[in-house]
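Reader: I'd like a close look at one buried spot in this chain and what sits around it. Could you walk me through that part and then place it in the rest of the fold?

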Amino acid sequence: MSDILKTLSKLIADLSPEMRSTLFELLRPEPEPIAIIGMGCRFPGKVNNPKEFWQILKDGVDAITEIPKDRWNIEDYYSNDPKAINKINTRWGGFLEQVSRFDPAFFNLSPREAAYIDPQERLLLEVSWEALEDAGQVVTDLAGSKTGVFIGIYNNDYLLLQANNKIDNYTGLSAYHGLAANRISYIWDFHGPSVALDTACSSSLVGIHLACSSLRNKESDLALAGGVSLIISPISSIIVAKSLGQASDGRCKTFDSHADGFTRGEG
């Protein structure tokens, strides 16, 4: 057998780099299909699970509303002039309900620590738990396992709101995006990759791509993948309005001559 291997090795070594690449590609095993076994979500329109999300899609529900008063007073920031300084030229968006509510004890967090944690991260904890529950996974049984966490996140609104407060050792909890994934891994003792990434609007899609790659490369045996976005400061909306443009009527008009921007949403 050793003589055959030596002969094969010599034959492969004599091949051109292009031929070796083609041979390795032909011999590479087909990747095992990846199963999506559980989901969790929050979306505008009072959507709290995948079944409700599917229902509003089937029913063609319009979940765009005026900016809720518990976010900010739109009258202080609205102007129909898109060039007005520090103003937003729209009253509309897709918003979740009750984003300030959270049960820290369920995740073994102190109330003080929870108050500093970005609401986006609190939402991720809730929804990742629901996704695992939907998948029939017992979280305590996954402790120490190669479970990976891949989270897309780019909004930093909560840190903007903290800017005028006293900065202490808890302030960083709302500043570092890496914690969006790391906190999930830490709380449930997951030992797979723990990655938070920002590729703007494609962040969650890239997170799913990396999760699939991690599973195929055997870095993870199970993976949580997704993304989060909350709009809780007018500053980020002003920035978006000035740099990218927000639709004044809250409606995206793709490829239309009347297009004047897009509409922000949460989830």
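Author: Let's start with Gln120, which is buried at a relative accessible area of 2%; buried means under 20% relative accessible area, exposed over 50% and partly exposed in between, with a 1.4 Å probe and protein chains only. Before going on, a word on the model: it is predicted, so local features need pLDDT of at least 70 and side-chain atom pairs count only at pLDDT 80 or more, while totals for chains, interfaces and linings use all residues. Residues are numbered from 1 along each chain as its sequence is written, and side-chain values use heavy atoms, with hydrogens and water left out.

Gln120 is found in helix α5; helices (H or I, at least four residues) and strands (E, at least two) are DSSP runs, numbered from the N terminus. Not counting residues up to four places away in sequence, Gln120 touches Ile153, Asn155, Val228, Ser229 and Leu230, where contact means heavy atoms within 4.5 Å. With Leu230 there is also a polar link: the side chain of Gln120 reaches the backbone nitrogen of Leu230 at 3.1 Å. That is a polar contact, meaning a pair of N or O atoms within 3.5 Å; within protein, one must be able to donate a hydrogen and the other to accept it, and residues adjacent in sequence count only if both atoms are side-chain atoms. For a sense of distance, Thr254 is 134 residues from Gln120 in sequence and 28 Å away in space, C-alpha to C-alpha.

Now for the strands. β3 (residues 147–152) and β5 pair in the parallel sense over six bridges; two strands pair if DSSP finds at least two bridges between them. Gly152 stands opposite Gly227 in β5. Along β5 (residues 222–227) the side chains alternate: Leu222, Leu224 and Gly226 point to one face and are buried, whereas Ala223, Ala225 and Gly227 point to the other and are not.

Helix α5 also feeds the largest nonpolar core, a core being a set of buried Ala, Val, Leu, Ile, Met, Phe, Trp, Tyr and Cys residues joined through side-chain atoms within 4.5 Å. This core has 32 residues, and Leu132, Ile151, Ile184, Trp188 and Phe190 touch the most other members. Two or more residues each come from α4 (111–116), α5 (119–134), β3, α7 (179–188) and β5, and α5 gives the largest share, six residues. Take Phe190: leaving aside neighbours within four places in sequence, its contacts include Leu132, Val149, Ile184 and Leu224. A second, separate core of eight residues includes Ile67, Ile88, Ile231 and Ile238.

Tyr77 makes a handy contrast to Gln120. Tyr77 is partly exposed, with a relative accessible area of 28%, and is found in the loop between β1 (65–66) and β2 (92–93). Beyond four places in sequence, Tyr77 is in contact with Trp72, Asn86, Lys87, Ile88, Pro234 and Ile238. Tyr77 and Pro234 are 157 residues apart in sequence, yet 7.6 Å apart in space, C-alpha to C-alpha.

Stepping back, the chain has nine helices and five strands. Of its 267 residues, 36% count as buried. Among contacts between residues at least 6 apart in sequence, 69% join residues at least 24 apart.
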